[in-house]
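Colleague: Could you take me through one part of this model in detail? I would like a close look at a single strand and what surrounds it.

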Number of protein chains: 2
Amino acid sequence: MTAKTALKASTPTRSQATAEAIRAMILSGEIERGEWLRAQVLADRLGVSRTPVSEALGFLYKEGLLEYRVHRGYRVKTFDADLLLGAFDVRLTLEGLACRLIAERGMSHATAILVRDNLARTEDILFNHEWTPETRERWRLANLEFHDALLTEAANPYLTEGVLRTRQLPPILNSAKEPIDTNELFPRLDRTFSQQAFRDHARVAEAIEAGQGARAEAMMKEHIFTTREAARRILTLMVS
Amino acid sequence: MTAKTALKASTPTRSQATAEAIRAMILSGEIERGEWLRAQVLADRLGVSRTPVSEALGFLYKEGLLEYRVHRGYRVKTFDADLLLGAFDVRLTLEGLACRLIAERGMSHATAILVRDNLARTEDILFNHEWTPETRERWRLANLEFHDALLTEAANPYLTEGVLRTRQLPPILNSAKEPIDTNELFPRLDRTFSQQAFRDHARVAEAIEAGQGARAEAMMKEHIFTTREAARRILTLMVS
DNA sequence: ACATTGCATGTTCCATGCAATATGGAATTA
DNA sequence: TAATTCCATATTGCATGGAACATGCAATGT
């Protein structure tokens with residue numbers, strides 16, 4: 001455990017800063033799954049009182065990151081394969097819906113530009129550079145940007161919120177003491193996966209621009225389904 | 001404003017009881033849309049301190065019922081037609097997914113019994129009784145029970161949570177000072193709508209029991225789409 | 001041995017006082 | 001008059017102490 005960590009002052013309230021700090025602790029594995037979170041301990045560690053800690057925990061609870069028991073407090077949610085796969089089911093359904101809606105109602109010019117640029121950058125990363133942890137991270141961020149751009153374009157808070165919730169689980173999965181580095185395990189497979197993902201993205205974008213709603217939806221669902229299967233394989237790896 | 005209201009002691013903590021009390025105030029129209037919620041006022045009215053009120057407001061905010069501004073507080077979220085229709089888009093997609101998953105993996109015996117019983121009761125309500133506000137309310141509860149049974153059977157917290165969020169909006173819609181009583185406006189239309197909903201339910205159940213995933217999904221989506229269109233008509237009624 | 005009851009302990013839950021700040025209008029200026 | 005600055009005020013945000021309560025263990029009884 002690190003000593004008293006200073007909170008970023010960039011967030012307007014201590015509660016929000018505290019929530020982000022605790023979230024980071026969970027995702028980094030500093031706080032383990034199933035561990036009870038004591039308010040006083042967190043408050044001391046973060047240099048705030050128990051009040052903003054309590055608010056932050058409630059916030060993360062509503063986000064689905066923690067579980068709660070009256071007069072016992074909060075702890076990092078534990079989950080099994082069914083829960084993880086279920087999260088992917090919801091996610092692919094909702095992101096598929098987003099693509100169809102965008103295709104049917106048309107994409108804004110700004111998003112169209114962003115998506116095209118994103119695809120060009122992603123292609124460059126994948127095919128003009130060596131596959132190192134650094135390029136892999138750049139690819140991961142570009143990948144996220146693509147999905148976020150479409151979510152934003154869909155302009156549906158319920159859809160966005162639902163997707164964001166399902167995204168919490170996979171990072172927790174990797175927050176184990178010995179996170180699984182797929183790139184180290186299967187560098188070629190990992191790169192092939194990324195290239196396939198890029199081609200999926202391109203086809204989704206093509207379908208949207210052509211106004212092919214059903215195709216855009218199906219393609220996005222298939223795209224995320226691939227990730228779902230990968231997650232399942234990793235999960236079985238961890239269990240065995 | 002009523003005098004100091006005693007909170008139900010049935011909930012384990014004051015915060016939760018307070019959240020439910022405030023939710024009821026919003027849905028009953030006692031608190032109007034766009035109105036700022038002052039913590040001290042609510043605390044006095046409910047006979048608690050500001051702490052549980054604050055927690056309750058944060059809770060309802062995360063549920064999507066309120067909006068929040070730093071150092072200003074919370075107020076009942078205002079919404080437009082796009083947001084409401086978007087909520088229905090998400091809801092029909094997710095409940096459709098639930099039906100498909102259940103059809104594919106098979107329904108538990110307990111749920112099968114419950115669904116069959118629910119359909120029998122609903123049919124009785126609709127075809128063997130006069131259409132009064134009282135029977136209408138009984139139908140509404142039976143209708144809700146059907147949807148909840150399938151949500152429970154799907155056993156996917158992300159799906160359930162997403163649907164519950166979308167359900168918050170329509171009640172707010174009716175929380176205006178002069179709620180729209182569709183039954184009073186169009187009693188025949190209202191009953192016809194309910195009967196159509198019943199037949200939809202029956203077909204969904206039939207498809208699920210037959211293991212027809214795609215049909216179950218499509219039928220549930222169509223079923224909720226009908227409600228979506230009704231909501232849209234009501235909304236235009238309110239604006240004009 | 002096993003179940004049940006009572007209790008000590010640690011933690012959450014809540015009340016309250018003070019500090020921080022967003023806001024609306026008065027005072028000021030061009 | 002219109003725009004701008006400044007400030008009083010109301011309200012939230014936060015800290016802290018004490019009440020309430022779940023839990024695990026020891027004592028007691030069957």
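Modeller: Happy to! A word on terms before we begin: two strands are said to pair if DSSP finds at least two bridges between them. Please keep in mind that this is a predicted model.

Let's settle on strand β3 of chain B, which spans residues 73–76. Which strands does β3(B) pair with? One is β1(B), residues 36–37, which runs antiparallel to β3(B) and is joined to it by two bridges. Within that pairing, L37(B) has Y74(B) as its bridge partner. The other strand to look at is β2(B), residues 66–69, again antiparallel to β3(B), with four bridges joining the two. Here E67(B) finds its bridge partner in R75(B).

Y74(B) and R75(B) also turn up when you look at the faces of the strand. Y74(B) lies on the covered face of β3(B) together with V76(B), whereas R75(B) shares the uncovered face with G73(B). So the residue of β3(B) that bridges to L37(B) is Y74(B), on the covered face, and the one that bridges to E67(B) is R75(B), on the uncovered face, given that pairing is judged by DSSP bridges.

Now follow the chain between β2(B) and β3(B). These two strands form a hairpin with three residues between them, and H71(B) in this hairpin takes a positive phi near 65 degrees.

Stepping back to the setting of chain B, 22 of its residues are in contact with 22 residues of chain A. On the chain A side, the elements giving two or more residues are α3 (50–62), α4 (81–105) and α7 (157–166). Of these, α4(A) gives the most, with eight residues. By class, that side of chain A has ten nonpolar, seven polar and five charged residues.

Technical notes: Residues are numbered from 1 along each chain as its sequence is written. Chains are lettered from A and ligands numbered from 1 in the order in which they are written. This is a predicted model: local features need pLDDT of at least 70, side-chain atom pairs count only at pLDDT 80 or more; totals for chains, interfaces and linings use all residues. A residue is buried if 20 or more other C-beta atoms lie within 10 Å of its own, exposed if 12 or fewer, and partly exposed in between; C-beta atoms are placed from the backbone. Two residues are in contact if their C-beta atoms, placed from the backbone, lie within 7 Å. Ala, Val, Leu, Ile, Met, Phe, Trp, Tyr, Cys and Pro count as nonpolar, Asp, Glu, Lys and Arg as charged, and the others, Gly among them, as polar.
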